[in-house]
Amino acid sequence: KNVGARRARGEWVLFTNGDVVLSVDTLRAVTSPGLDPLAFYRMDRTEIPGLLDPLSPLQNRREVLGELLGLLPPEQTCPVGEKECLSDRNRGVCEQLAGGTKRPAPQHPEGLNGEEEEEEPFLPAAGDFLLVHAGALRELGGYHQVSSTTHLDSLLVCKLMGAGLRQRAMLRPCFMVHQRHPAPAQPARFVLPGWHLSDESCANRARESRIYVEG
């Protein structure tokens with residue numbers, strides 16, 4: 001992924017996978033002039049087992065997404081973002097970006113002491129949708145270049161938050177659906193000691209990134 005990011009020529013870099021389909025509103029949003037270069041954008045993944053055939057024409061799959069939008073239950077959100085729950089403060093981000101308008105400064109809930117409550121990094125499906133400004137990605141060196149074969153997408157999210165980039169979520173009508181596909185037999189994935197995914201390792205990557213930026 002670092003090789004692809006270095007070859008990219010656009011202002012923004014979107015990391016995704018070939019087994020997801022993005023809604024039309026998502027495509028409009030990721031090309032919007034209203035994107036915030038001091039933020040990175042995340043999205044949860046909708047699982048619809050057996051509904052999307054990856055061999056069917058792409059336009060057919062997009063039509064299915066349009067029909068799904070009115071049928072799916074609302075996303076689970078939380079007042080402040082958590083590891084498994086997107087923040088409700090992101091309502092309206094998709095509509096404003098997909099409409100091509102500048103987004104006003106978001107309101108962040110305050111804690112009991114009047115200080116802004118911090119979100120936790122949202123980690124599910126980090127490899128399926130992560131949109132970040134190319135300049136910020138270059139400054140931070142992109143993905144950690146270690147020999148682990150898993151968790152690096154999630155740890156990049158921790159790294160970006162540690163550098164001070166704000167986490168933004170694109171809720172519906174922006175969404176992505178995981179396509180049905182045969183699961184190939186995979187060898188056991190290697191995790192370099194110290195690079196497993198945990199609260200401690202995420203905090204370590206964030207702290208390293210913060211020290212680098214301040215340094």
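Q: Accessible areas here come from the Shrake-Rupley method with a 1.4 Å probe, and for residues only the protein chains shown count as cover. How much area does the protein chain expose?
A: About 11800 Å², with carbon and sulfur atoms supplying 53% of it. Keep in mind that this is a predicted model: local features need pLDDT of at least 70, side-chain atom pairs count only at pLDDT 80 or more, and totals for chains, interfaces and linings use all residues. Residues are numbered from 1 along each chain as its sequence is written, and side-chain values use heavy atoms, leaving out hydrogens and water.

Q: What percentage of the residues count as buried?
A: 44% of the 215 residues in the protein chain. Buried means under 20% relative accessible area, exposed means over 50%, and partly exposed is in between (1.4 Å probe, protein chains only).

Q: And how many helices and strands?
A: The protein chain has 7 helices and 9 strands. Those are DSSP runs numbered from the N terminus: H or I with at least four residues for helices, E with at least two for strands.

Q: What share of the contacts is long-range, say 24 or more positions apart?
A: 81% of the contacts with a separation of 6 or more. A contact is heavy atoms within 4.5 Å.

Q: Let's go to α7. How far does α7 reach?
A: Its 16 residues reach 22 Å from first C-alpha to last, close to the 22 Å expected at 1.5 Å a residue. The expected span is 1.5 Å times one less than the number of residues.

Q: Which helices do the buried residues of α7 pack against?
A: They pack against α5 (134-140) and α6 (152-162). The buried residues of α7 include Ser201, Cys202 and Arg205.

Q: Hang on, Arg205? What's the relative accessible area of Arg205?
A: It is 7%, so Arg205 counts as buried. Its side chain makes a polar contact with the side chain of Glu208 at 2.9 Å, and a polar atom of the Arg205 side chain lies 3.5 Å from the backbone oxygen of Gly194. A polar contact is a pair of N or O atoms within 3.5 Å; within protein, one must be able to donate a hydrogen and the other to accept it, and residues adjacent in sequence count only if both atoms are side-chain atoms.

Q: What else is Arg205 in contact with?
A: Beyond neighbours within four places in sequence, its contacts include His144, Leu155, Cys158 and Trp195.

Q: Switching to sheets: what's the order in the open one of 4 strands?
A: It runs β1-β7-β3-β8, with mixed pairing. β1 (12-16) and β8 (166-169) are the edge strands, each pairing on one side only. The twist averages 20° from one strand to the next, where axes are lines fitted to C-alpha atoms (for helices over the stretch in contact) and angles run from 0 to 180 degrees between N-to-C directions.

Q: Do β3 and β8 pair in the parallel or antiparallel sense?
A: Parallel, over 4 bridges. Two strands pair if DSSP finds at least two bridges between them. In β8, Arg166 is the bridge partner of Ala39.

Q: Any odd backbone spots? Which residues does a cis peptide bond join?
A: Arg172 and Pro173, with omega about 20°. Pro173 sits in the loop between β8 and β9 (176-178). Also, Ala125 has a positive phi, near 55°, despite being a residue other than glycine. His151 has a positive phi too, near 75°.

Q: Where is His151?
A: In the loop between α5 and α6. His151 is partly exposed, with a relative accessible area of 29%.
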